[in-house]
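Biologist: I'd like a close look at one part of this model, namely its empty spaces and what surrounds them. Please keep it relaxed and take me through it step by step.

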Amino acid sequence: MKKFAFALTAAALTVGAANSYAGEVEVLHWWTSGGEAASINVLKGLMVEEGHTWKDFAVAGGAGESAMTVLKSRAISGNPPASAQIKGPTIQEWGSLGFLTNLDAVAAQGEWDVVLPQVVSDVMKYEGHYVAAPVNVHRVNWMWANPEVFRKSGAELPTSWDQFLVEAEKIKAAGYTPLAHGGQAWQDATLFEAIALEKGVNFYNKAFIAHSDQTLRSQDMIDVFNTFKQVRKYVDVGFSGRDWNVATSMVINGEAAMQIMGDWAKGEFTAANKKAGIDYVCLPAPGTSDSFTFNIDSLAMFKVEGKDNQAAQQDLARLILEPEFQETFNLNKGSIPARLNMPREKFDTCAHASMDSFLASSTTGNLTPSMAHGMSTSSMVQGAIYDVVTNFFNDDSMTAEQAVDKLARAVKASL
Ligand code: GAL
């Protein structure tokens with residue numbers, strides 16, 4: 001049966017590439033902001049050029065929490081889309097439930113094992129078989145700053161969280177919002193992990209990958225929560241429920257000085273025609289210049305019926321790894337190509353910094369998966385961390401000591 005399925009996939013792939021089959025792919029994603037929509041439209045355009053039909057299944061909501069809920073209900077009713085943006089260990093969760101289809105033929109043809117760094121290809125496989133195609137690598141530990149606001153406030157760009165607090169005070173006194181933030185659990189977690197990362201990758205990995213009880217309860221973790229609460233003072237009153245891209249626009253239009261966000265934020269600057277190094281500055285989140293928290297976006301492929309639709313799905317996987325798509329998509333998205341050895345000329349200084357840091361950190365051991373973006377742990381543990389982090393951020397009466405206790409207990413209960 002397995003052999004037959006493989007032969008069928010390979011045949012469909014060959015014929016599909018010759019455009020004898022025109023199928024439909026339904027693609028679930030949450031890329032609805034300016035930069036995100038421009039990026040996914042690149043893939044749509046390429047599929048349409050191949051003669052296929054693209055059925056867009058966009059579920060708005062940063063970091064995909066709502067999209068994942070919708071995906072679960074579609075899968076439970078036996079009708080998953082052909083493809084969905086799923087990341088990290090969640091790919092394994094869907095693979096183990098038997099939903100994902102085998103992409104080994106298209107991967108062999110495109111030499112994915114050669115053109116992808118292993119840290120990327122490992123995530124795309126379930127039990128050694130490709131089931132997802134990576135579109136990019138996002139760096140999460142970034143800070144986006146408006147240089148004009150810094151200048152007018154007489155503040156320096158901070159390179160540690162202690163310095164952040166000093167500079168933020170000056171910016172606040174000058175009448176600007178120091179930190180553009182949106183009050184959503186995943187955004188709180190993005191900020192929290194950036195603060196934790198300053199304690200070093202070893203600490204970060206013990207907390208968010210190994211889930212060491214001792215580390216989760218450590219003095220370092222108490223310090224992280226305390227800093228997190230202090231940083232909270234520099235967020236404006238209207239932050240609750242704000243979308244991340246609205247927070248980015250506060251930096252773009254000079255209302256706020258900084259945002260801690262992955263480099264999908266750069267997609268918003270690009271969509272607003274702003275230039276890196278001139279209109280805005282990118283620099284590593286304070287105290288984390290040697291590290292790289294990665295977030296790999298990928299489209300996992302679900303089992304679908306019908307030769308035409310299977311051919312379209314295999315074409316989708318093939319196109320994603322092609323250099324043309326990897327370049328254009330990532331120029332819009334703010335990320336760097338997942339594919340190695342891509343020409344760098346069209347990318348800006350932030351992307352170059354990210355490319356250099358990706359390579360350097362992969363040799364020093366400072367390349368580490370983002371907890372906030374579903375790369376370091378199961379969705380259950382991630383959800384448990386989110387809850388504690390966001391509750392602490394929004395509850396003035398909770399102490400850092402109480403928070404670490406809650407964190408350690410919540411993580412243990414979800415392992
Ligand atoms: C991340 C995702 C990015 C970006 C961001 C905001 O989790 O990997 O591609 O879309 O959410 O929605």
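Modeller: Helices (H or I, at least four residues) and strands (E, at least two) are DSSP runs, numbered from the N terminus. This is a predicted model, where local features need pLDDT of at least 70 and side-chain atom pairs count only at pLDDT 80 or more, while totals for chains, interfaces and linings use all residues. Residues are numbered from 1 along each chain as its sequence is written, and side-chain values use heavy atoms, with hydrogens and water left out.

Let's begin with the domains, whose bounds come from an automatic or database domain assignment. That assignment gives domain 1 (22-138 + 295-351) and domain 2 (139-294 + 362-414). Their C-alpha centres lie 27 Å apart. Where the two meet, 26 residues of domain 1 are in contact (heavy atoms within 4.5 Å) with 29 residues of domain 2.

Now for the spaces. On a 1 Å grid over the protein atoms alone, a cavity is a set of points where a 1.4 Å probe fits but cannot get out, a pocket is an open set with protein on both sides within 12 Å along at least five of seven lines, and lining residues have an atom within 4 Å of a point. Points join across faces, edges and corners, and a volume is the space filled by probe spheres set on them.

The second largest pocket comes to about 550 Å³. Both domain 1 and domain 2 give residues to its lining, so this pocket lies between them. The lining has 26 residues, and Met-68, Lys-72, Thr-90, Ser-379 and Gln-382 are the ones nearest the centre of the pocket. If you want to find the walls by eye, go to helix 3 (65-76), helix 4 (89-96) and helix 19 (379-394), each of which supplies at least two lining residues. Helix 3 gives the most, with six residues. By class, this lining splits into 11 nonpolar, 11 polar and four charged residues; here Ala, Val, Leu, Ile, Met, Phe, Trp, Tyr, Cys and Pro count as nonpolar, Asp, Glu, Lys and Arg as charged, and the others, Gly among them, as polar.

Next, the enclosed spaces. There are two cavities of 30 Å³ or more in the structure. The largest cavity holds about 90 Å³ of space, and at least three of its lining residues come from each of domain 1 and domain 2. Of the 15 residues in that lining, Trp-30, Glu-36, Ala-63, Trp-264 and Asn-295 lie nearest the centre of the cavity. Six of the lining residues are nonpolar, five are polar and four are charged.

Ala-63 deserves a second glance. You'll find Ala-63 in the loop between strand 2 (53-58) and helix 3, the helix that also gives the most to the second largest pocket. Most residues other than glycine have a negative phi. The phi of Ala-63, though, is near 65°, a positive value. With a relative accessible area of 23%, Ala-63 is partly exposed, as buried means under 20%, exposed over 50% and partly exposed in between (1.4 Å probe, protein chains only).

The second largest cavity has a volume of about 30 Å³. Its lining is made up of Val-140, Asn-141, Thr-190, Glu-193, Ala-194, Leu-197, Ile-260 and Thr-293. Helix 10 is the top contributor here, with four residues, and the classes come out as four nonpolar, three polar and one charged.

Helix 10 (185-197) also takes part in the packing around helix 14. Within helix 14 (residues 244-252), the buried residues are Trp-244, Ala-247, Thr-248, Met-250 and Val-251. They cover an arc of only 150° around the axis (taken from the directions from the helix axis to the C-beta atoms), which puts them on the same side of helix 14. Besides helix 10, these buried residues pack against helix 2 (34-49), strand 8 (142-145), strand 9 (177-179), strand 10 (256-260) and helix 15 (264-271). Just after helix 14, Gly-254 takes a positive phi of about 80°.

One last stop is past helix 15, in the loop that leads to strand 11 (281-284), where Asn-273 sits. Asn-273 is another residue other than glycine with a positive phi, near 60°. At 61% relative accessibility, Asn-273 counts as exposed.
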